[in-house]
Amino acid sequence: MPAKKAAPTTTAKAKPAPKAKPAPLTPETTCGPVETLKEDIRKHMFAFLGKDITRAGLHDYFKAVAYTMRERMAEHWIQTQRSYYDKSSKRVYYLSLEFLVGRSLKNNVLCLGIEDQVREALAGLGQDYEEISEVEWDAGLGNGGLGRLASCYLDSMATLNIPGYGYGIRYEYGIFHQSIQDGWQVERPDNWLRFGNPWEYDRSGYLFPVQFGGKVNSYTDDHGRLRHVWEGGSKVMAMAYDMMVPGFENGNVINMRLWSAKSSRDFDLEFFNSGAYLKAIEDKAKSENISKVLYPQDTFVEGQELRLKQQYFFVAATFHDITRRHMKHHQGFEDLPDLVAVQLNDTHPAIAIAELMRILVDDHLLPWEKAWKICVGTFAYTNHTVMPEALETWPVELMARVLPRHMEIIFELNRRFLDEVRHLYPGDDGKLARLSLIGEDYGKRVRMANLAVLGSHSVNGVSALHSNILKDSTFRDFSELFPERFNNKTNGVTPRRWLRQCNPDLSELITETIGQGWINNLGRLEELKPFAEDAGFRARWGEIKQRNKKRLADYMHHKTNKELDPETMFDVQVKRIHEYKRQLMNVLHVISLYDALRTGSLKRETAPRTVIFGGKAAPGYRMAKLIIRLIHAVADTVHREPKCAGKLNVAFIPNYCVSNAEKIIPGTDLSEQISLAGTEASGTGNMKFALNGALTIGTLDGANVEMRERIGPENFFLFGLTSPEVNALKARGYNPWEYYQRDETLHQAIDLMASGHFSPLTPDLFRPIADALLKDGDRWMLLSDFRSYVDTQKQVGQLYLDRDQWIRKSILNTAGMGYFSSDRAIGEYARDIWGVKL
């Protein structure tokens, strides 16, 4: 492992000379009086938008304010970059195919420390800050937890003064915009750039060619060295766009560099001049498809090829940037691991390992062994899945056709590695097959996770349970070979966005009680624990929760025209719709409540409940889309049943995204984190809900395990099998029919669903769901956990009737969440993996 080199901090003095560090972004140093802000907004309205301010609309004001904030960040960004060169700082490059940024206006204003001034300036111009912030479109740069984690981590890098960069793709269209028609999910293009992006700088000067296809010409040069030249094929240009990421009131601004695909020329003049105008334009459009859409369908060969091209496109452009920056002040690459740390956020950027080897061996003629040592010292890999089938692989034929030189490099890496394995484990063909970079179970495929583990000096999971599963199961053979590489870095979330910004009333109460130091040191939330015993504090906490629930109810009415009663328990499950996340178990519980209410068989009083779902299903994921349809069918039936009035309600919020999560999470009473133990790597939604005072019902899965330990087992509603119990039950032979036959409540819920009770016009509509549970083996073991889940939900309903005790536990949930800050997580990455001192 390479020697670690410390990175300097970047705190600073005001108005620095070229070599000084920037001053903290306080209201005084940033913008002066409110009148200056107003004048700058007018200036940008005129100079950037060409608009008469007296005729400007909300979108115009949003852009003018955004340009005003961008201008303030830009000066500090330049000073931050200068400080890196002045101190030869070790730089961290965070490579991620997703960055789920959300909206930027409120976050940037908050980090600049000028919320009050911006509100006052806009009020002076006759505008409302909240209204203006609502017109911003969520950036379509990510899909789920992977991308949101990446954005939280950039926030923390900036706040902790770590010399970091985020690298990804500037998608023209996000995953998709979800609407609901007749209960079905409908996907529409997420054209988030239709009104432009005022936060970005296009860097046309940073335009790099990225090669695909062609062939490799191998020969021996005059010095007897074997040389490889990648020739022919096609080229796509990668153009850089920068979005700035400010630290919290510290004068430090880093950037996220996103690559956009451009044709290598506007169009092929030869085609054009010969009259083939459409062909000329078609080739240009095909080149630029690479950055068009996040996650194109990969069920067809064309989609697979596009996804592979996306991954290599942003990796190749990023390493153009990294090597360009490195060579400015360094003659060679021997010291690269001391100056550069590259973090691979899951397997998507893993082709970077082969790309750096290509650069070092082919372009800079380093010996193979020396190049490999540099690679391993430079890369670190974060894994985000425990399921072997979810680990990314590519057909060898596809890799060889699209990236022929990289396929050669991977073959050579594999040959050398397996020779070492044979020496260490003679005759163990099973181990060779498991460790190989090439899998042969379903045709020859490149195992990108194996490549990432082999080519990185650090491999981390994202919760204690997940990391243990990686070592003991998923990568057991690698862990035996390289035990020093494996470590845990439990995920965290940024408290700036996920408490201070999204829940201002609660943040104000916390700051009034313990001071504002918690914003940068979330561990201080522990100081709230004594106040859980203070009746006056509990009353204020409860009042804030009710206001947040009222806001959420108003938002839901605005979006869905559905009335929600804030006096009921808000029971919320919002996340990607997937069978392993077990939204279906939640629905079956709702059906059992509905059935008990309509038949009068509810045996004891329970709290009135509003169950809120939200999340997107992948366009090709039929079962997930059918579950969304079931949720709406159950919601409609519950709504029509008079005996459920005031006692049970069901709602679905469409197009779940960062900006509506910021409204949902503060208004939630109960957070559903109910995946089968051993399937969720970590989760971060669970952290956001508990941080904002929601109580959790969950299994011992992912970060739930650590949350329960720190919150206190008595403040967490635990149910279900543990991961070892799941494995033991599978080994004995899991039979879902046994649970169906002996549990009358479960039996009735499934029968109601399968019989057409919720879909009388199409009685067999939901039968495939019942078949998946009873005939196809219930892969995610809903039936084995159902009784425990229902019994625990009864405890939930009873406790909610005692609102004072519920609020007490709500306070203790927030107080116990200090560990789950992205600042803590990034501090651990910096210390243990990157070799960067804080």
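For sorting the residues around a cavity, Ala, Val, Leu, Ile, Met, Phe, Trp, Tyr, Cys and Pro count as nonpolar, Asp, Glu, Lys and Arg as charged, and the others, Gly among them, as polar. With that in hand, the tour can begin; keep in mind throughout that this is a predicted model.

**First stop: the largest cavity**

The structure holds 5 cavities of 30 Å³ or more, and the largest cavity, with a volume of about 230 Å³, is the place to start. Select Val 101, Ser 104, Asn 107, Val 245 and Arg 497, which lie nearest its centre among the 19 residues that line it. Then add helix 4 (105-112), helix 7 (145-159) and strand 8 (234-246), the elements that each give two or more residues to this lining. If you colour the lining of the largest cavity by residue class, you should find 10 nonpolar, 5 polar and 4 charged residues.

**Second stop: the second largest cavity**

Move next to the second largest cavity, whose volume is about 160 Å³. Of the 13 residues that line this cavity, Ser 89, Arg 91, Arg 325, His 326 and His 330 are the closest to its centre, so they make a convenient selection. Helix 3 (58-87), strand 1 (91-95) and helix 10 (301-327) are the elements that give two or more residues to the lining of the second largest cavity, and the largest share, 3 residues, comes from helix 10. By class, the lining of the second largest cavity divides into 6 nonpolar, 5 polar and 2 charged residues.

**Third stop: a sheet of three strands**

Now select residues 393-395, 438-439 and 445-447, which are strand 12, strand 13 and strand 14. These 3 strands form an open sheet in the order 12-14-13, with antiparallel pairing, and strands 12 and 13 are its edges, each pairing on one side only. Between strand 13 and strand 14 the antiparallel pairing runs over 2 bridges; to see one of them, display Gly 439 together with Arg 445, its bridge partner in strand 14.

**Last stop: the cysteines**

Which cysteine sulfur is nearest to that of Cys 152? Selecting the pair shows that it belongs to Cys 502, 11 Å away, and that Cys 152 is in no disulfide; indeed, the structure holds 0 disulfides. Because a disulfide requires the two sulfur atoms to be within 2.5 Å, the 11 Å to Cys 502 rules out a disulfide for Cys 152. Cys 152 is also buried, with a relative accessible area of 1%. Finish at Cys 375, which at 0% relative accessibility counts as buried as well.

Methods:
Residues numbered from 1 in each chain as written. Predicted model: local features only at pLDDT ≥ 70, side-chain atom pairs only at ≥ 80, totals over all residues. Heavy atoms only, no water. Pairing = 2+ DSSP bridges. Helix = DSSP H or I, 4+ residues; strand = E, 2+ residues; numbered from the N terminus. 1 Å grid on protein atoms, 1.4 Å probe; cavity = no way out; pocket = protein on both sides within 12 Å on 5 of 7 lines; lining within 4 Å. Points joined across faces, edges and corners; volume = space filled by probe spheres on them. Buried < 20%, exposed > 50% of the residue type's maximum accessible area, 1.4 Å probe, protein only.
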